[in-house]
Amino acid sequence: MKPNTESHPQGAAVDRNQPLFERARAVIPGGVNSPVRAFRAVGGIPRFIERAQGAYLWDANGQRFIDYIGSWGPMILGHGHPAVIDAVQRAITDGLSYGAPTAREIELSEAILALLPSMEMVRLVSSGTEAAMSALRLARGATGRKMIVKFEGCYHGHADALLVKAGSGLATFGHPTSAGVPEEVVEHTLVLEYNNLTQLEEAFALHGKEIAGLIIEAIAGNMNFVRATPAFARRCRELCTQHGALLIFDEVMTGFRVCLHGVQGLLGIRPDLTVLGKVIGGGMPLAAFGGPRALMEQLAPLGPVYQAGTLSGNPVATACGLATLREVAKPGFFEALATRTRALIDGLRTAAQAEGLAFSADSEGGMFGFFLLPELPANYSAVMKSDGMQFKTLFHGLLERGVYVAPALYEAGFVSAAHSNEDIAQTVAAARESFKALKR
Ligand SMILES: *Cc1c(COP(=O)(O)O)cnc(C)c1O
């Protein structure tokens, strides 16, 4: 397969991304409004996107890419789905924001609650960061405890208390991973190794009575794609119940992405609080958190836990989210998406093995991950064993051939309902060529 320049107006000589990147860097730190967009892990110039339709993005050069980022998860229907565009256009003409309640917020809340039976009430917010931060405040407020348990490699947004990495010893307190976060702010955050039952047991044995909540991505999508084992996830549930701590499933990425009922549905585990985002906004800024009524009624204006937002439940965002949820809830949607996604990773595996490369991959619903490792990793330090140089070569090989995957090793990939068998076949062909440049 040749590099895709079919719709490139001037041929490959004039790069319009480069000058845009120069201008962007003059006014925006790093030229980007979220760090992973900057290509720093892989080098090169980020592509400035001009438009998107279906499974494709077009950059400033007019080069077309098959999109496996999907805005980092939300675009499960592909770009520009007619039902979503129609709902958004109709919503826009009725006003952009009111700062007062609307019927559509009820409709979206009811749609979410009908699919996630662990939740009886939900609060809508604007970003996953905000939702996770608010869920933790609620867990602390409701339990009257301070301590939070999280796992290394799981990302729950950039709230201060969550920007923390593991300390040196077993079940010790972490250190901030960002400047500007005081040690005191993370001194109540305990960071454990993902899938490590011994550490989990020890943490609860030592600190059980102080733990307000345990937050986990039960399929972690922020260290590429790593599953919690069913036994580990079950033990999280049991220990939280035993010690009166709240189990918080961060399903910002997995909610309505791995199946219609989230990882909680797949595992048959009922968390106390669930955090949602990405797909529930369908590409607009919308996120949510929810749980049992008694817990959620601790929130303002009913209870003492304060939480608010000027644009929360925005009428355009709720229209977009609702139209998206209606599509994904149609019979057969996830079966078709999962089949397509498996075809992609099976194709990639076969192509890599034909080149004698170490390769492993996994997927659930429309979310996938692949590693240039012989076996699937079970935690962050195993993911870290991936060869960054090999990945960089692969990334640029794919990009050159019109396939856009995340520009970092530590990100999951996403297939949308708009990806056709032909798109998958083209991607596998591009990978087969790109793998040839990798050293065995
Ligand atoms: C993306 C993500 C977040 C943060 O959501 P934002 O909308 O980017 O603030 C939180 N948790 C998980 C699991 C995510 O994938």
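Helix H6 spans residues 197–207, and its buried residues (under 20% relative accessible area with a 1.4 Å probe, protein chains only) are Gln199, Leu200, Ala203, Phe204 and His207. They sit on the same side of H6 because they cover an arc of only 130 degrees around the axis, taken from the directions from the helix axis to the C-beta atoms. An α-helix has 3.6 residues a turn, so residues three or four places apart point the same way. Turned away from that buried side is a face with the exposed (over 50%) residues Thr198, Ala205 and Leu206.

This is a predicted model, in which local features need pLDDT of at least 70 and side-chain atom pairs pLDDT 80 or more, while totals for chains, interfaces and linings use all residues. Numbering runs from 1 along each chain as its sequence is written, and side-chain values use heavy atoms, with hydrogens and water left out.

As for what packs over H6, the cover on its buried residues includes strands S5 (147–151), S8 (189–192) and S9 (211–216), plus helix H7 (230–243); contact here means heavy atoms within 4.5 Å. At the N-terminal end, asparagine 196 acts as the cap, with a side-chain oxygen 3.2 Å from the backbone nitrogen of threonine 198. Helices (H or I, at least four residues) and strands (E, at least two) are DSSP runs, numbered from the N terminus.

Note on methods:
A polar contact is a pair of N or O atoms within 3.5 Å; within protein, one must be able to donate a hydrogen and the other to accept it, and residues adjacent in sequence count only if both atoms are side-chain atoms.
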